[in-house]
Amino acid sequence: MTRKFEGPKLLVATHNAGKLEEIADLLSPYKVEVVGAAAMGLPEPEETGTTFVENARIKAHAAAKATGLPSLSDDSGIEIDALDKAPGVYTADWAETETGRDFVMAMKKVHEKLEEIGAPQPRTARFCCTLVLAWPDGHDEVFPGVMEGQVVWPMRGDQGHGYDPIFQPDGFDVTFGEMDRWEKNRISHRADAFAKFVTGCFD
């Protein structure tokens, strides 16, 4: 039996304002006050896990322990089959530079690596999102979400973020980068994980 969420306030363990807004919007029917990690002055814990679930757990439990509030965290990334599912949990790391994250550079890196090995088309890939809701007593619930698709080149679109301009979801002829953000939010890997989270902890 999944533990239900009860209480007026949910901490979302992210410093990303866009993600916080997306999550608050998804939870608006449930009359929950959603607060972000930045507003609580929480540091970002080091993500030392080798899987999405390990990293999401690290973030959720650190926030729950620090604040005494149930805390929701997500870890997400893109897995490309021809690259042995890389970049995976290192999706953001591939974009790191001395002056911040450069996702155009990261997308070029993906393309160059695929070209180097002569990866056949379609270059199948998926976006993964794992949500973890942790309570201060150490209990947690895990909800994985996936969006299957393929990696395309050249980059298309300037919507979304991260690797969206090179990811074309199955059943669509546009990339996440060309898709209206609310349309994307409705079908994405995060939406898949969220539907499971809401069913498990709210409905």
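A residue is called buried here when its relative accessible area is under 20%, exposed when over 50%, and partly exposed in between (1.4 Å probe, protein chains only). The model is predicted, so local features need pLDDT of at least 70 and side-chain atom pairs count only at pLDDT 80 or more, while totals for chains, interfaces and linings use all residues. Residues are numbered from 1 along each chain as its sequence is written, and side-chain values use heavy atoms, leaving out hydrogens and water.

Aromatic rings make a good starting point. Rings of Phe, Tyr and Trp (its six-membered ring) pair if their centres lie within 6.5 Å; planes under 30 degrees apart count as stacked, over 60 as edge-to-face and the rest as tilted. Nine aromatic pairs meet this rule. In one of them, the ring centres of F127 and F167 are 4.7 Å apart and the planes lie at 65 degrees, so this pair is edge-to-face. The pair links distant parts of the chain, with F127 in strand β7 and F167 in strand β9 (residues 167-169), 40 residues apart; strands are DSSP runs (E, at least two residues) and helices likewise (H or I, at least four), numbered from the N terminus. F167 also pairs with F176: their centres are 5.2 Å apart and their planes at 55 degrees, so that pair is tilted. F176 is buried, with a relative accessible area of 0%, and F167 is buried at 0% too, while F127 counts as buried at 6%.

Turning to helix α3, the buried residues are A106, M107, V110, H111 and L114.
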